[in-house]
Amino acid sequence: MHSTAFFLGKGGVGKTTLSSAFSLSIARSGKKVLIASLDPAHNLGDALGCRLNGEPKEVEKNLFALEIDLAKWVDKYLEESRDQLKSTYSYNLTLNMDSFFAILKYSPGTEEYAVLWAIEDIHCRLAPKFDLVVFDTPPTALSLRFLSLPAISGLWVAELTKLRERILDRRQTITRLNPESPVASSCVDKDDDKVYGKLRSIRARLAALGALFSMESFISVIVNPDELSVFEALRIKEELTRLNIPVSAICINKQGVSNAAWAQSQELAELPQFQFDFSREGISTREDLAMIGVDALTQQFLKKGK
Ligand SMILES: Nc1ncnc2c1ncn2[C@@H]1O[C@H](COP(=O)(O)OP(=O)(O)OP(=O)(O)O)[C@@H](O)[C@H]1O
Ligand SMILES: [Mg+2]
């Protein structure tokens, strides 16, 4: 059985609605579910009818929800990076760390890393207390960037690890040839080298997140009966295929919302598909969520692993 699900798709297609309905249905069937919103502009609490924060809150029996505090995760990520730099380069007093980090806070990539480490925290610290974890995701661009980080950063870290190995090898050679060399007093062994150890631990953390995305998760992409959301779903699928992350299901939400012509793409039609009608009365309460027929989707999810 999968134990993690992600709902992706264009803005407004129904990620929060369907991920909530899905979580609610599985919780009411007796499994303990955590739904976590990764969207910086949270509205999961509105959908579930309760106020949420960064820690799991019981919404009803078996259903817990949280909204990650992205600002906190950005600060935590920068704080850890700062401590790391300070302890590694304590001799370098010329680097003005404070102004460097003030800029880094607003640099591209910082938010994506913060989301990634928030997912890691949920996966490692909270997921063991639940039968499954469901992620309601932010808009496509941010989601694709954090989903691609384990692969991209993994390559970087692999290269840096090789570089560090070469440095340690050279140090060993110099120390052998000249035990009096100043290098002899520095670290020459992988097991004692702080930098090597740090690279190894980041690599392991990224590999675990990569495996979570590509092998352990049920990935649903939501479309509406309109061409723009289909184009976006195709882009998501292509990008995920490049990252070796298989799409598990296509959810066609808001069926019947308009009479405008729209076409399903062949590429998406090959995947398991699930249909959800547009509710003219709107979806404003938890009981409205419970009325969305998600049984076929939850059964697909509950089938044993892919
Ligand atoms: N099947 C449906 N029938 C009627 N209304 C729906 C349906 N699905 C979603 N909606 C409505 O569409 C709006 C957008 O849905 P939702 O917030 O779930 O989308 P989203 O993809 O999470 O949006 P965002 O990208 O802003 O996070 C909401 O008002 C929601 O109630
Ligand atoms: Mg949403």
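The legends below go with close-up views of a predicted model.

**View 1. The surroundings of ligand 1.** Let's start at the ligand, where 18 residues make up the surroundings of ligand 1. Among these 18, the nearest are Gly11, Gly14, Lys15, Thr16 and Thr17. Sorted by class, the shell holds ten polar, five nonpolar and three charged residues. Two elements, helix H1 (15–28) and strand E7 (249–255), each contribute at least two residues to this shell. The largest share belongs to H1, with three residues.

**View 2. The open sheet from edge to edge.** Here is the framework: eight strands form an open sheet with mixed pairing, and their order is E3-E4-E2-E5-E1-E6-E7-E8. Strand E3 (57–60) and E8 stand at the edges; each has a single partner strand, so one side of each has no neighbour in the sheet. On average, and with direction ignored, neighbouring strands of this sheet are turned by 25 degrees against each other.

**View 3. Strand E7 and its two partners.** Zooming in on E7, you will find five of its seven residues buried, so the strand is largely enclosed by the rest of the structure. Strand E6 (residues 217–223) runs parallel to E7, and four bridges join the two. Look for Ser220, which stands opposite Ala249 of E7. Between E6 and E7 the chain passes through helix H8 (residues 227–242), and this β-α-β crossover is right-handed. E7 also pairs with strand E8 (residues 273–277), again in the parallel sense and over four bridges. In this pairing, Ile250 has Gln273 of E8 as its bridge partner, while Ile252 stands opposite Gln275 of E8.

**View 4. Two helices packed on the sheet.** Now for the helices that lie against these strands. H8 packs on the sheet and touches strand E1 (4–9), E6 and E7. The direction of H8 makes about 155 degrees with that of E6. Helix H11 (residues 295–302) packs on the sheet too, with E1, E6, E7 and E8 as the strands it touches. The direction of H11 makes about 170 degrees with that of E7.

**View 5. Ser214 in helix H7.** This close-up turns to Ser214, a residue of helix H7 (residues 194–216). Ser214 has 17 other C-beta atoms within 10 Å; a residue counts as partly exposed when this number falls between the limits of 12 or fewer for exposed and 20 or more for buried, so Ser214 is partly exposed. Beyond residues up to four places away in sequence, Ser214 touches Asn244 and Ile245. Ser214 and Asn244 are 30 residues apart in sequence, yet their C-alpha atoms are 6.1 Å apart in space.

**View 6. Gly154 in helix H6.** The last close-up shows Gly154, which has its place in helix H6 (residues 140–177). Gly154 is partly exposed, because 17 other C-beta atoms lie within 10 Å. Setting aside neighbours within four places in sequence, the contacts of Gly154 are Arg203, Leu206, Ala207 and Gly210. To place this view relative to Leu8, note that Gly154 and Leu8 are 146 residues apart along the chain and that their C-alpha atoms are separated by 23 Å.

Conventions: Residues are numbered from 1 along each chain as its sequence is written. Chains are lettered from A and ligands numbered from 1 in the order in which they are written. This is a predicted model: local features need pLDDT of at least 70, side-chain atom pairs count only at pLDDT 80 or more; totals for chains, interfaces and linings use all residues. Two residues are in contact if their C-beta atoms, placed from the backbone, lie within 7 Å. A residue is near a molecule or strand if its C-beta atom, placed from the backbone, lies within 6 Å of it. Ala, Val, Leu, Ile, Met, Phe, Trp, Tyr, Cys and Pro count as nonpolar, Asp, Glu, Lys and Arg as charged, and the others, Gly among them, as polar. Two strands pair if DSSP finds at least two bridges between them. A crossover is right-handed if, with the strands pointing away from the viewer, the path from the first strand over the helix to the second runs clockwise. Axes are lines fitted to C-alpha atoms, for helices over the stretch in contact, and angles run from 0 to 180 degrees between N-to-C directions.
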